[in-house]
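User: I'd like to go through this one term by term, asking what earns each label. Could you put it up and start with what counts as touching?

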Amino acid sequence: MNRLPMPVLAAVVLAAAPPGRAERIFGFEDGAPLPYRERKGTTLGRAADYATEGTNALRFASAAWTNGMPEWPAFDLKPPVADWRPFDRLVLDIVNPGDGDALFGLYVTDAKVRLQEGLGHRFDLPSRGWRRYEIPLSAMPPTVDRSAVVRVHFFTERPAADLELHLDSLVLLRPGEAAPEPGPAFARRLAGLMAPAADAAAAALAAARAGAGDHPLLDACDRRLAEIRALLAAPDTTARRLAEAGRELEELPARAARAAGIARLRRASQAAPPASADILVVAATSMEKILPRHGDIVAVPAREVALSLARNEAGSLQLLVTPAGTGGLRGVAVTAGDLAGPGGAVLPASRIDCDVVGYVETKSRPPYGTPHVGWWPDPILDFLGPVDVAAGDVQSFWIRVRAPKDQPPGVYRGALTVAAAVAAPQPVGLIVTVRPFALPDGSPLPLAITFAPHDHPADATQAEQAAWRREADYPVNAWRARRLEWADFLADYRITYDSLYHQAAPDFEVLQRLKGQGRLGVFNLGYWYYFDDRPSDQAKWRERTLPRLREAYTRAKDLGLLEHAYLYGCDEVPTNHFAWVERAAAILKAEFPGVPVLTTTYDDGFGATSGLRSIDAFCPLTPKYDRALADAARAAGRKVWWYICCGPRHPHANMFVEFPAIEGRLLMGAMTARERPDGFLYYQISIWNSRRPIAGGPFTDWDPRSWTTYHGDGSWTCVGPGGAPVPTIRLENFRDGLDDLAAVRILEDLVKARAGATATDPAWLAAARAAIAVPESLVRSMTDYSRDPAVLLAWRASVDDLIAAAVRR
């Protein structure tokens, strides 16, 4: 999966200026040839506005994308210097006179290597500013001939707004060389470009004060803005100092909003005793991602929090802790006591986790865009003790309550305690309602999910990650010592230890273990692919495919596991190979009777007209899932699953680090209940690029980059001390969505059992059917849905209430 489409090209060839200390490979001055071909909505030409050397820069513009326009507006430069072996860096300047975070990148390659297999780089564009980029040529893939570079390709993708960029000073540097700095004339133009951003920051600060009053953190923001304004006005200012100030200008409104939120919380806390004078505590749902250092806090001080759970369910919320004053807090921890329930029943503190939420630092804007680059909440650090919280920071604690299968139903009451060194503890009441029914141990939906830890080096980290692979504590190695622990951990999240792509035997020790626990889902006997029309290719296919699958099939049958098996293959195969896919699938059906054949081959009709008669289950990307076509396929005996990967992007739901946490829960719960796919597939949850397991926190050194430049795609898990499994907020919401779906399935069974009974309350039956269908206030379509946790929780409460009303009769 995860293939980039080939960009649309517009050709440009530019001449080089005479070489100086740095080898300038492209110049955009008058008189230099500038042939190009305009594309619809795209323009390219010289402009004097933002030249960082000489008098002209290259202006690239693309209109906001609409249907019918090229999806990848792009242009090529052919460097006059083909031999790049003496150089170690490519440097260029980019000015973005607009706002926004559009994707912009480049590829460098020779005449033989495919474009996307060359040197790639994505630019983290400034907003109304300038940035200089140094791209290490050590990241050039070894397949590219550095003595014969012929193509430098720039591209964007479906810009959401009109895009205008100015490129200049494209130079190659030898080791030890430096590119010349832009002169004072450019610095003055840049200061003028940045002035509106300073005005916007001032307006944001004024609005923050109007809503929150005085606070020392707001005073600090004011002082820094005054310093930046002085820098903009200074006659001797430099472009580099302005670029650094530009990054701060982008962050100041978010910092002001955070300061204002803390100021409001402080006032609200003082007005609603009892409260600690030192600690502010706020509650949030498990479906929210609260940035530790940016953005407003729209909440009230937490005096009491509540959860509702079925038996055999884990439910979570968050307590957010921030210092009340200008000093930080040391040794902050949250603890729980026993909860007292009906008739002397107890929900013990051992069933309540109070874990530190960890943060991972993104370094660039990903292809799907984000409003924030920096620290994001993701790993849940169950091994970490008390933590320090700096002034202005908000630290989240993950409160997870696990109700046993035999927990007596009813309302349980107790308390959480937030404590810090040299500070009065802050009590927070905890109410847990345990429902009179239990969820099953396994997933209510078949899941085909890969857990097969590996890395995915960026171009710039190929060499160092190759060296890390020889180290025992590299996460892709460290986890192996805890293989069975990982299998149990995944089963806690309803996931079976499995791989879509393995070509060895399944891990039957683990599968038997899960079977014995009653938690085994479905598993893949082994990956398969098609063969072409050549008899020799079919012979090789039979030799390489059938013996290993037959061995796995026989072993699974002998162990009584065959009913859980499937055969996955032909990952995202296009239509022109359907005949080959069908031939291979037909052989597999004959050789391995009773085992469903599953594929993500691009058959949007799910077998209706494609000739893929031997496929048992089709699996489209969620935007390609069509309920009517899926129902027709089911009527013909076929199943239709769905999947996500590096796509889709908003407005569709996905599970990237920067996407709202609620989307994973909606996808697995309410959206699945509404659209009724037969299963869910995900290509990988363990792409790890960090050098070491997480050992400390809360601000960790875990690398959130997973596949290429995405954050969290193919990676829902982290690795802790000694290779231990570490969950993420995204994984928690994935399970919570499955638990929502499990509750719906229980209600469906109750409706089926009572639909024909004369004693059934018609009002209950109508309400149950409405809840099963999912209200439009929560999900209207796969692109129109609520991200409000209160709306989702209200729906889940209605499902639970209806089940409880039925089981009590």
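Analyst: Sure: two residues are in contact when they have heavy atoms within 4.5 Å. This is a predicted model, in which local features need pLDDT of at least 70 and side-chain atom pairs count only at pLDDT 80 or more, while totals for chains, interfaces and linings use all residues. Residues are numbered from 1 along each chain as its sequence is written, and side-chain values use heavy atoms, leaving out hydrogens and water.

User: Then which residues does Lys589 touch, not counting residues up to four places away in sequence?

Analyst: Val595, Val597, Ser614 and Asp616. Lys589 itself is found in helix H9, residues 578-591. Ile615 is 26 residues away from Lys589 in sequence, yet their C-alpha atoms are 8.6 Å apart in space.

User: Why is Lys589 called partly exposed?

Analyst: Buried means under 20% relative accessible area, exposed means over 50%, and partly exposed is in between, using a 1.4 Å probe and protein chains only. Lys589 has 31%, so it's partly exposed.

User: What makes H9 a helix and E18 a strand, by your book?

Analyst: Both are DSSP runs numbered from the N terminus: a helix is H or I over at least four residues, and a strand is E over at least two. By that count the chain has 15 helices and 32 strands.

User: And why is the chain called as compact as a globular protein of that length?

Analyst: The radius of gyration, taken over C-alpha atoms, is set against the globule rule, which is 2.2 Å times the number of residues to the power 0.38. For 809 residues the rule gives 28 Å and the chain has 29 Å, which is close, so the label holds. The C-alpha atoms fill a box of roughly 90 × 80 × 50 Å along the principal axes. Of the 809 residues, 55% count as buried. Among contacts between residues at least 6 apart in sequence, 77% join residues at least 24 apart.

User: What makes E23 and E29 edge strands?

Analyst: Two strands pair if DSSP finds at least two bridges between them. Their open sheet has three strands in the order E23-E30-E29, with parallel pairing. E23 (447-449) and E29 (642-643) each have a single partner strand, so one side of each has no neighbour in the sheet.

User: How do you know that E23 and E30 pair?

Analyst: Three bridges join E23 to E30 (residues 680-682), and pairing needs at least two, so they qualify. They run parallel, and Ile449 stands opposite Tyr682.

User: Which strands are at the edges of the five-stranded sheet?

Analyst: The order is E24-E25-E26-E27-E28, again an open sheet with parallel pairing. E24 (523-524) and E28 (639-640) each pair on one side only. E27 and E28 have two bridges between them, so they meet the requirement of at least two. Ala617 stands opposite Lys639 there.

User: What makes E18 mostly covered?

Analyst: Seven of the seven residues of E18 (375-381) are buried. E17 (residues 352-361) is joined to E18 by five bridges and runs antiparallel to it; Val357 has Ile380 as its bridge partner.

User: Phe606 and Arg158: why is each given its accessibility label?

Analyst: Phe606 has 0% relative accessible area, so it falls under the 20% limit and is buried. Arg158, at 41%, sits between the two limits, so it's partly exposed. Neither is a glycine, but phi is positive in Phe606, at about 60°, and in Arg158, at about 40°. Phe606 is in the loop between E26 (597-599) and E27 (617-618), while Arg158 is in the loop between E9 (149-156) and E10 (163-173).

User: Which peptide bonds are cis, with what omega?

Analyst: Gly647 to Pro648 is cis, with omega near 5°, and so is His650 to Pro651, with omega near 15°. Pro648 lies in the loop between E29 and H11 (662-668), and Pro651 is in that loop too.
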